[in-house]
Structures are given as C-alpha cells and as structure tokens.
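Biologist: I am new to reading protein models. Could you take me through a few features, one at a time?

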Amino acid sequence: MDEVRELVATFLAHTKVRFVPPTEAEAAALDQVLIRAWEEARAQWPGVVLPAGPFVLHLAERLPEANPHGPIAPLLARMSLAELYLACACLQGLASAQEAFERNYLARLPEKLRGLKQPEGIIDDVCQITRVKLLVATPESAPRIGEYTGRGALLNWVLVTAGRIATRLRAAEKPAPEQDAEELLKALPGQGIDPELDVMKRRHHAEFRQALREASSTLSADERHLLRLHFADRLSTYELASLFRVNQSTISRWLKSARQRVYEETRSRLKARLGLSTLGFKSFLAFVDSQLDLSLSQLLEDKGTETPPAGTPPEDG
C-alpha cells in the first residue's frame with residue numbers, strides 16, 4: 001500500500017481542487033486509474049520513456065476544476081492523456097519526445113497553414129517560431145508546451161498557437177510609415193522634462209521622424225528580420241539563439257550591431273539637416289541616444305517591411 005499511497009498522494013497534492021481524502025479502497029482504485037492512464041499513454045509513444053511520477057504530477061496540475069466530493073476518473077477520461085504524456089516528456093527535455101513532437105505535429109503545420117490560406121512566404125517563419133516558442137526554455141519561463149492542458153487535440157492547440165504567430169507576422173509585413181512615426185513620437189518623453197529639448201523635439205519633429213525611418217531602411221533584410229522577431233514577436237536572445245542555431249552572445253552582438261547602425265545613420269541624417277549649433281546638436285543627440293531603443297521598438301512592433309527567407313541570420317562580423 002505504500003506505493004499506492006505515494007502515487008495517489010503526489011496526484012492529490014498537485015490538483016487545483018482539494019479533493020476529500022480518499023479511503024484506502026478509493027486510494028487503491030485511483031492508483032489503478034493513474035497507472036492505467038500512464039501505461040496507455042506510454043504505449044502510444046513507445047520510444048518515449050517517461051516515469052509514472054512526473055506524468056502523474058503533470059496530469060494533476062492540469063486537471064480541470066471539479067467538485068471536491070466528486071469522482072476523479074471521469075475527469076481524466078475527458079483529457080487527451082497520450083498527448084499530455086508527450087507534452088510532459090517534451091517539457092522534461094527528452095530528445096525522443098521532442099523528435100516525436102516534431103514528426104507528428106510540427107511537420108504537419110505547413111500543410112495545415114496552407115489550408116488556412118496563410119501566405120506561402122511566411123509559413124517557414126511561422127513553423128520555426130512556433131517550434132522555438134513551444135520547445136525552448138528561457139531563464140524567465142519553461143517551454144510553452146507546458147501550457148497545453150489536454151482539453152482538446154494537441155494538433156489543434158499547436159495550430160492555434162501558429163495562427164497567432166502568423167497573424168503577427170502578416171501585420172509586420174504591412175509598412176505604414178506615417179503610423180510608424182506617430183507611434184514613435186508617442187513613445188518619446190512628455191512635455192516638461194527638459195524645456196530646451198521639448199522645444200527641439202517640437203521644432204525638429206518631422207526631421208527626427210524622417211531620419212529614423214530612413215536609418216531603419218538601411219538595415220539589411222536579415223537585420224530587419226532579426227529585430228522584428230525580437231521586438232514584434234517577443235523572442236528572447238535565448239530563443240533567437242535556438243532558432244538561428246548560434247550561441248546567445250552572437251545574437252546579442254547582432255542585435256547590438258543593428259541598433260548601432262540605426263543610431264549612426266539617424267545621427268548622420270540629423271546633423272546634415274538640422275543646422276544646429278554644436279552645443280544644440282549635442283544636446284539633441286543625447287536625447288536621441290537615450291530614446292533610441294524605445295523608439296526603435298515602437299517602430300518595429302507590429303509593423304515592418306518584407307520578411308526574408310526563414311533561418312537566414314545576419315552576417316557574423
């Protein structure tokens with residue numbers, strides 16, 4: 001009975017609902033239900049070896065809300081146990097599980113996305129980003145495959161995730177220069193922080209807007225792609241490193257290089273156009289420097305230009 005108590009105790013300790021403690025007979029019956037669920041799920045993925053303990057814990061955390069006095073077996077029967085088993089194994093970092101997930105789900109995404117009339121040009125990007133979002137851990141969060149609750153088919157859940165990513169990418173392909181500029185200016189500090197700079201901002205509003213837009217257009221297609229993934233799609237440097245198959249320091253260097261290019265080009269254009277005194281230009285330039293990252297983020301988020309072929313990184317220089 002110790003083994004029974006251990007497995008059932010693990011399950012009951014991690015459910016959202018605090019079920020009424022079972023009798024010895026009820027605990028034994030629940031133990032058999034859990035073991036059978038594990039064995040049947042494992043049989044669906046013979047190459048994926050996941051112990052019963054982690055699977056039962058994973059299952060308990062995703063059990064739907066229920067009457068604490070009600071039976072548990074019917075709740076389990078409504079969940080996609082085999083797919084929860086695979087998702088749990090992926091979350092545990094098992095290579096065999098991730099390979100099975102790639103083969104049985106991610107490999108089917110292109111066809112599904114075409115069936116939903118998604119543009120051919122973004123399908124590879126969507127699939128790559130979906131893979132990273134679902135399978136790659138970051139210092140801030142576990143892989144998002146852990147958000148799958150088993151209430152519905154895993155393929156449908158993956159497709160919903162990919163569809164949201166596709167929507168963002170399609171929005172990013174539509175350039176809207178004037179809207180870009182307005183969003184950028186909204187992101188700048190409000191009135192009264194520095195009266196002299198407030199005057200400069202108002203007086204040189206159009207010049208700054210145009211200089212930043214032109215500076216952004218000097219980026220290569222690969223650099224724009226990288227920045228858009230980072231700002232619009234919120235991929236971290238860890239996720240980008242996995243996507244481009246390089247280390248995180250390389251991604252950080254690419255991002256820093258792209259930002260620096262925008263800054264240098266903006267500065268060059270403003271210097272040629274404004275005709276300020278040296279002191280006045282330096283003051284305005286310090287303001288531009290302090291706000292460049294925020295402004296660039298606003299410029300790229302949900303906006304952008306053409307998307308280059310997926311998986312094409314900037315030159316590593």
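Biologist: Let me start with one side chain. Is Trp 157 buried, partly exposed or exposed?

Modeller: First, a caution: this is a predicted model. Trp 157 has a relative accessible area of 22%, so it counts as partly exposed. The cut-off for buried is under 20%. Compare Tyr 148, which is buried at 2%.

Biologist: How do I read a pair of aromatic rings, and how many aromatic pairs does the structure hold?

Modeller: Two values describe such a pair: the distance of the centres and the angle of the planes. The structure holds four aromatic pairs. Take Trp 45 and Tyr 105: their ring centres are 6.5 Å apart and their planes stand at 45°, so this pair is tilted. Trp 45 sits in the loop between α2 and α3, and Tyr 105 in the loop between α6 and α7, so the pair ties together parts 60 residues apart in sequence. Trp 45 is buried at 12% relative accessibility. Tyr 105 is buried too, at 6%. Another pair is Tyr 148 with Trp 157: the centres are 5.7 Å apart and the planes at 55°, so it is tilted.

Biologist: Which residues form an aromatic cluster with Trp 45?

Modeller: Phe 101 and Tyr 105 join Trp 45 in one cluster. A ring can also have a charge over its face. Here Arg 42 lies over the face of Trp 38, 4.1 Å from the ring centre.

Biologist: Now cysteines. How many disulfides does a search of the whole structure find?

Modeller: Zero. Cys 88 is in no disulfide, and its nearest cysteine sulfur belongs to Cys 90, 9.3 Å away.

Biologist: Why is there no bond between Cys 90 and Cys 88?

Modeller: Their sulfurs are 9.3 Å apart, which is too far for a bond. The cut-off is 2.5 Å. Cys 88 is buried at 2% relative accessibility, and Cys 90 is buried with 2% as well. Both are among the buried residues of α5. That helix covers residues 81-91, and nine of its 11 residues are buried. After α5 comes Gly 93, with a positive phi near 85°.

Biologist: Last, empty space. What volume does the largest pocket have?

Modeller: Rolling a probe the size of a water molecule over the atoms shows where empty space is left. The largest pocket has a volume of about 300 Å³. It is lined by 15 residues. Those nearest its centre are Pro 22, Glu 26, Gly 70, Pro 71 and Ile 72.

Biologist: What is the lining made of, nonpolar, polar or charged residues?

Modeller: The lining has 12 nonpolar residues, two polar and one charged. Helix α2 gives the largest share, four residues.

Methods:
Residues are numbered from 1 along each chain as its sequence is written. This is a predicted model: local features need pLDDT of at least 70, side-chain atom pairs count only at pLDDT 80 or more; totals for chains, interfaces and linings use all residues. Side-chain values use heavy atoms; hydrogens and water are left out. On a 1 Å grid over the protein atoms alone, a cavity is a set of points where a 1.4 Å probe fits but cannot get out, and a pocket is an open set with protein on both sides within 12 Å along at least five of seven lines; lining residues have an atom within 4 Å of a point. Grid points are joined across faces, edges and corners, and a volume is the space filled by probe spheres set on the points. Helices (H or I, at least four residues) and strands (E, at least two) are DSSP runs, numbered from the N terminus. Ala, Val, Leu, Ile, Met, Phe, Trp, Tyr, Cys and Pro count as nonpolar, Asp, Glu, Lys and Arg as charged, and the others, Gly among them, as polar. Buried means under 20% relative accessible area, exposed over 50%, partly exposed in between (1.4 Å probe, protein chains only). Rings of Phe, Tyr and Trp (its six-membered ring) pair if their centres lie within 6.5 Å; planes under 30 degrees apart count as stacked, over 60 as edge-to-face and the rest as tilted. A charge sits over a ring if NZ of Lys or CZ of Arg is within 6 Å of the ring centre and within 35 degrees of the ring normal.
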